[in-house]
Structure formats: structure tokens, C-alpha cells
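Work through the exercises below with the model in view. Try each task before reading its solution.

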Amino acid sequence: MTNEEKVLTAAKAVLDADGTLKSLLLQKASSSKVILGQGRPGMAQNPTVQLFISNHDTDPYSRMDTLQMVAAIFTAAKVDKAA
């Protein structure tokens with residue numbers, strides 16, 4: 001059986017270490033803008049990446065797990081009022 005928390009934590013570590021993503025998220029050196037969990041963040045700063053497992057199936061016969069991880073990106077929308 002796969003531990004979902006371990007999968008999410010490993011994915012978060014990879015995203016936190018990515019220099020290009022840090023610059024896109026306007027991330028400071030000691031902080032993280034990658035959050036874990038399915039509920040929409042209430043106090044997250046824009047932009048933010050949210051990771052969660054949306055589907056987890058276990059096949060008891062083959063002893064295989066299938067996970068579907070989702071990365072949601074929250075950012076402020078810029079509205080062009082001239083158009």
C-alpha cells in the first residue's frame with residue numbers, strides 16, 4: 001500500500017528545489033509556495049502550487065497501487081479594462 005503523504009512530500013521536495021519554479025512563484029529563499037492537501041488554501045500567497053492525490057486505487061490481486069496526483073496553480077488574474 002502506498003503512503004500518499006510520502007508521495008506528496010517527495011514531489012514537494014523536488015518542486016521546492018527547482019530554481020525555475022522558484023523564480024516563477026516569486027519565492028523567497030527560506031519559504032515554500034508549494035502546499036499539500038486537497039482543500040483550497042485560504043491564506044496562500046499568489047502564485048501558489050497545491051499538490052494533492054485525487055484518486056488512489058489498490059488492486060489486491062496484483063498488489064499494485066494507482067495514484068493520480070494533481071498540481072493546482074493559483075494566481076491572481078489580471079483584468080484588462082481597456083478591452
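Contact here means heavy atoms within 4.5 Å. Keep in mind that this is a predicted model.

**Exercise 1. Surroundings of Q38**

Task: find which residues Q38 is in contact with, leaving aside its neighbours within four places in sequence.

Solution.
- Step 1: locate the residue. Q38 sits in the loop between β1 (34-36) and β2 (48-59).
- Step 2: apply the cut-off. Outside the excluded neighbours, Q38 is in contact with Q50, F52 and I53.
- Step 3: check exposure. Exposed means over 50% relative accessible area. Q38 has 56% relative accessibility, so it counts as exposed.
- Step 4: look further along the chain. V70 is 32 residues from Q38 in sequence, and their C-alpha atoms are 9.2 Å apart.

**Exercise 2. The fold in outline**

Task: state how many helices and strands the protein chain has, and give their order.

Solution.
- Step 1: count the elements. There are two helices and three strands.
- Step 2: read from the N terminus. The order is α-α-β-β-β.
- Step 3: add confidence. The mean pLDDT of the protein chain is 80, and 84% of its residues reach 70 or more. Confidence is highest in α1, at a mean of 89, and lowest in helix α2 (residues 19-24), at 83.

**Exercise 3. The salt bridge**

Task: search the whole structure for salt bridges and describe what you find.

Solution.
- Step 1: search. One salt bridge turns up.
- Step 2: name the partners. K12 pairs with D16, and their closest N and O atoms are 2.9 Å apart.
- Step 3: place them. Both lie in helix α1 (residues 4-17), four residues apart, so about one helical turn separates them.
- Step 4: check burial. Buried means under 20% relative accessible area. D16 has 17%, so this residue is buried.

**Exercise 4. The nonpolar core**

Task: list the residues of the largest nonpolar core and say which element gives the most to it.

Solution.
- Step 1: list the members. The eight residues are L8, A11, L21, L25, V34, V49, L51 and I53.
- Step 2: assign elements. α1 and β2 each supply at least two of these residues. β2 gives the most, with three.
- Step 3: follow one member. Leaving aside neighbours within four places in sequence, L8 is in contact with L36, L51, F52, I53 and M69.
- Step 4: set the core against the whole chain. Buried residues make up 20% of the 83 residues. The chain exposes about 6300 Å², and carbon and sulfur atoms supply 56% of that area.

Methods. Residues are numbered from 1 along each chain as its sequence is written. This is a predicted model: local features need pLDDT of at least 70, side-chain atom pairs count only at pLDDT 80 or more; totals for chains, interfaces and linings use all residues. Side-chain values use heavy atoms; hydrogens and water are left out. A salt bridge is a side-chain nitrogen of Lys or Arg within 4 Å of a carboxyl oxygen of Asp or Glu. Buried means under 20% relative accessible area, exposed over 50%, partly exposed in between (1.4 Å probe, protein chains only). pLDDT is the predictor's confidence in each residue, from 0 to 100. Accessible areas come from the Shrake-Rupley method with a 1.4 Å probe; for residues, only the protein chains shown count as cover. A nonpolar core is a set of buried Ala, Val, Leu, Ile, Met, Phe, Trp, Tyr and Cys residues joined through side-chain atoms within 4.5 Å.
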